[in-house]
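Biologist: Before I plan anything, I would like to go through this structure with you. Please show it, and then I will ask about single residues, salt bridges and domains.

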Amino acid sequence: DGFLAILEKDAKERAKQRKINEHLANALKEKGNDAFRKGDYVTAIQRYTEGLEKLRDKQELYTNRAQAYLKMHEYEKAIGDCEWALKCNEKCIKAYFLMGKAHLALRHYGESRQCYEKILQIDPQKESLFKDCMNEINLEEKRTKAEERAMKDVQSGKLAALSIKELLQKLDRPDQNIPYYTGGIRLLTEAMKDCSEQTLFRTNNGFSILKDNEIVRRGFCAERKNAAEVDLSVSLLYLWQAVCTGNEENQRLLLTHPDVNAQLPKLLSSGISEIQKETLALISLYSENENGRRLLVGHQDLTKWLQILMMFVNSTDARASSAMNILSDLTKEEKFKTQCRVMLSAGVLPLFTQLLISAKLVNQAALAHCIGIMGNLCADAVIRMQMAECKECWQACLKLVDECFDVSTPKYQECLFAVLGLMMNLLLESNVIIQYFAVDISGRCMSLLRDKDGRIVTRAIGVLSRVLPASSLAVEEAVKGGVVKKMIKFLKDGGQTTCNYGIKTLSICTRSNRQAQEDLVKSDKRFSVLLKLLDSENELIVGNAAFCLGQCLVVPGAATSLLNSNVVMILLKHAGGDATRTLVQKNAAIALGKLCVAEPRHIFQLRKLNGLAILNSSMKYMHSM
């Protein structure tokens with residue numbers, strides 16, 4: 001007993017001492033963190049080390065010290081601390097991340113990849129981080145190998161390698177005139193044959209042309225350029241393209257150069273077609289791939305780019321398509337969408353509205369592309385809300401639709417197709433502006449149902465399916481215009497998308513409009529179209545078809561016309577089924593209940609199918625009848 005008491009006392013004393021040591025270690029960790037934030041990495045390392053003297057198994061102190069060692073370029077020490085951290089916690093993601101960074105700095109590419117693979121094994125949710133880290137390794141390994149090959153070319157006396165070095169030295173001569181430098185830059189551009197030449201340009205400080213040569217820098221950055229400065233700027237843009245094509249490291253260095261970074265939007269807005277053309281070509285090198293887009297988003301203020309690039313819709317040459325392709329690529333980046341919000345109301349929407357109004361006068365192929373881009377941007381809820389609340393934007397869309405009846409060229413049809421898609425996206429919103437324009441929008445779409453282009457007709461029906469819920473008056477006008485009969489016609493022969501929009505439109509019309517219910521009974525004899533849709537594999541179509549059927553059963557004789565059909569079996573199957581969307585069961589059950597109320601003889605068929613239990617369970621839905 002005495003021995004056990006001594007052990008218990010010792011355990012308590014050790015626990016008490018650990019608690020004291022943990023308190024001291026935490027205090028030292030905070031002091032280390034404070035020094036780290038201030039950039040005093042030496043002091044940070046000292047404090048973390050002192051903390052570890054108090055508590056040897058504190059994982060955070062090892063990983064924090066490893067991070068400080070990384071900043072000091074002491075990579076082996078960083079790896080050692082990460083290994084100790086993993087002894088404290090074998091699933092420490094931070095330790096594997098920092099160790100991967102250290103191995104990458106030491107060019108241990110295999111070991112670095114293994115570290116990041118461990119992170120993904122520990123937490124599969126870190127896939128995005130894993131992809132970024134693996135991409136960083138791949139780019140660094142590619143850069144290193146390219147520089148090794150380039151060095152071999154120099155050592156072997158390869159003529160191209162020596163000529164690049166010589167040309168850069170000549171361009172470094174001060175106080176020459178602009179044509180001298182322009183000629184040298186063009187020769188340098190011609191010398192860029194492959195990755196080795198690109199790498200030699202980088203390793204011989206080629207990007208310092210703008211920084212170190214005042215005449216070149218001043219000519220390139222001039223706000224108003226004379227002919228010689230225009231030639232210089234174009235030559236430099238050719239050179240940057242040659243140097244950066246397929247070379248991620250060169251792309252990074254160029255875009256982080258202060259002068260180039262500041263000049264790109266100015267060059268795009270310069271009004272000089274040749275400069276604009278080559279600037280667009282340069283930017284395309286970045287926008288066409290994920291790494292390049294990240295560089296653009298990370299190093300450029302893109303708040304005004306949507307407006308700047310949209311201006312090219314007024315161009316009749318290749319600049320228009322180049323600008324739209326860049327915009328289309330940039331919309332793949334969420335950060336770009338976020339930046340677009342800033343200037344949308346003040347700058348972008350007034351310009352976009354003017355382009356829609358001037359659809360007959362601008363580059364219509366580019367305009368169609370531009371409208372599609374704006375439609376894609378509507379995936380961002382903030383952008384969509386701002387656009388949907390813009391009265392002028394809706395007016396411009398309607399004007400473009402109106403003009404399609406006068407202009408029927410293929411390019412204008414593409415603009416019409418795109419603007420209908422944009423309107424569909426905007427109609428995901430609900431506001432007073434949409435309510436105000438609902439009758440006009442639905443009226444235009446009713447007119448488009450006669451169009452020969454099936455794509456236009458499908459989108460017109462899609463717009464109807466989304467705008468009609470905004471206004472009972474719009475529904476009334478559409479019904480007067482024969483929308484029910486038209487929808488039944490399209491539902492007979494249309495594809496799944498058309499059927500989806502068409503049956504949705506019918507469900508909206510029949511919800512509260514008695515004329516629509518009667519029109520449907522007249523147009524769809526014995527409900528043959530609705531019964532066909534109830535057999536669809538698309539749950540949205542089935543749910544809306546069941547809803548329409550239920551709404552129309554209030555029309556005298558409608559339920560009786562179904563006596564010799566298999567409608568009871570179909571509705572029973574859906575009411576008791578396991579559809580993902582509960583509205584399928586609900587609408588089918590309600591329709592079944594209404595059917596038996598309107599025509600009691602259907603109950604005999606229900607009994608044969610042992611469906612009374614399902615009908616009874618459906619009575620909870622009947623309050624909505």
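Biologist: With which side chain does the side chain of asparagine 538 make a polar contact?

Modeller: This is a predicted model, so the answer rests on computed atom positions. Leaving aside neighbours within four places in sequence, asparagine 538 is in contact with Gln496 and Asn500. The side-chain polar contact, at 3.4 Å, is with glutamine 496.

Biologist: Where does asparagine 538 sit, and which backbone nitrogen does its side chain reach?

Modeller: Asparagine 538 is in the loop between α31 (528-533) and α32 (539-552). Its side chain comes to 2.9 Å from a backbone nitrogen, that of leucine 540.

Biologist: Is asparagine 538 buried or exposed?

Modeller: The cut-off for buried is under 20% relative accessible area. Asparagine 538 has a relative accessible area of 15%, so the residue counts as buried.

Biologist: How far apart in space are asparagine 538 and asparagine 500?

Modeller: In sequence, asparagine 538 and asparagine 500 are 38 residues apart. Asn500 is nonetheless one of the residues in contact with asparagine 538. From C-alpha to C-alpha, the separation of the two asparagines is 8.4 Å.

Biologist: Now to isoleucine 275. Which residues does isoleucine 275 touch, and what is its relative accessibility?

Modeller: Isoleucine 275 is found in helix α16 (residues 273-287). Not counting residues up to four places away in sequence, isoleucine 275 touches Lys225, Val230, Ser233, Val234, Leu237, Leu267 and Ser270. Isoleucine 275 counts as buried, and its relative accessibility is 0%.

Biologist: How far is isoleucine 275 from serine 235 in space?

Modeller: Isoleucine 275 and serine 235 are 40 residues apart in sequence. Between their C-alpha atoms the distance is 9.4 Å.

Biologist: Turning to charged pairs, how many salt bridges are found in the whole structure?

Modeller: Side chains of opposite charge can pair when their charged atoms come close. A search of the whole structure for such salt bridges gives 34.

Biologist: Which helix holds both glutamate 141 and lysine 145, and which of the two is buried?

Modeller: The side chains of glutamate 141 and lysine 145 meet in a salt bridge, with 3.7 Å from N to O. Both residues lie in helix α7 (residues 127-155), 4 residues apart, about one turn of the helix. Lysine 145 counts as partly exposed at 43% relative accessibility. The buried residue, with a relative accessible area of 17%, is glutamate 141.

Biologist: Which helices does the salt bridge of arginine 455 and glutamate 414 tie together?

Modeller: The two side chains meet at 2.8 Å, N to O. The pair ties together parts 41 residues apart in sequence, because glutamate 414 lies in helix α24 (residues 410-426) and arginine 455 in helix α26 (residues 454-467). Arginine 455 is partly exposed at a relative accessible area of 34%, and glutamate 414 also counts as partly exposed at 34%. The helices asked for are α24 and α26.

Biologist: Into which domains is the protein divided, and how far apart are their C-alpha centres?

Modeller: The division gives domain 1 (1-149) and domain 2 (173-277). Their C-alpha centres are separated by 43 Å.

Biologist: What area is buried between domain 1 and domain 2?

Modeller: The contact takes 6 residues from domain 1 and 8 residues from domain 2. Carbon and sulfur atoms give 57% of the buried area. The area itself is about 550 Å².

Biologist: Which three residues supply 56% of the area that domain 1 buries against domain 2?

Modeller: By class, the side of domain 1 that touches domain 2 has 2 nonpolar, no polar and 4 charged residues. No other three residues supply more of the area that domain 1 buries there than Lys142, Arg143 and Glu147.

Biologist: How many salt bridges are counted between domain 1 and domain 2, and which residue pairs with lysine 142?

Modeller: The count between the domains is 1 salt bridge. Lysine 142, in helix α7, has its partner 106 residues away in helix α14 (residues 248-255). Lysine 142 is partly exposed at 39%. Its partner, with the closest N and O atoms 3.1 Å apart, is glutamate 248.

Notes
Residues numbered from 1 in each chain as written. Predicted model: local features only at pLDDT ≥ 70, side-chain atom pairs only at ≥ 80, totals over all residues. Heavy atoms only, no water. Salt bridge = Lys/Arg side-chain N within 4 Å of Asp/Glu carboxyl O. Buried < 20%, exposed > 50% of the residue type's maximum accessible area, 1.4 Å probe, protein only. Domains from an automatic or database assignment. Contact = heavy atoms within 4.5 Å. Buried area = accessible area lost by both parts, 1.4 Å probe. Nonpolar A, V, L, I, M, F, W, Y, C, P; charged D, E, K, R; others polar. Polar contact = N/O pair within 3.5 Å; in protein donor to acceptor, adjacent residues only side chain to side chain.
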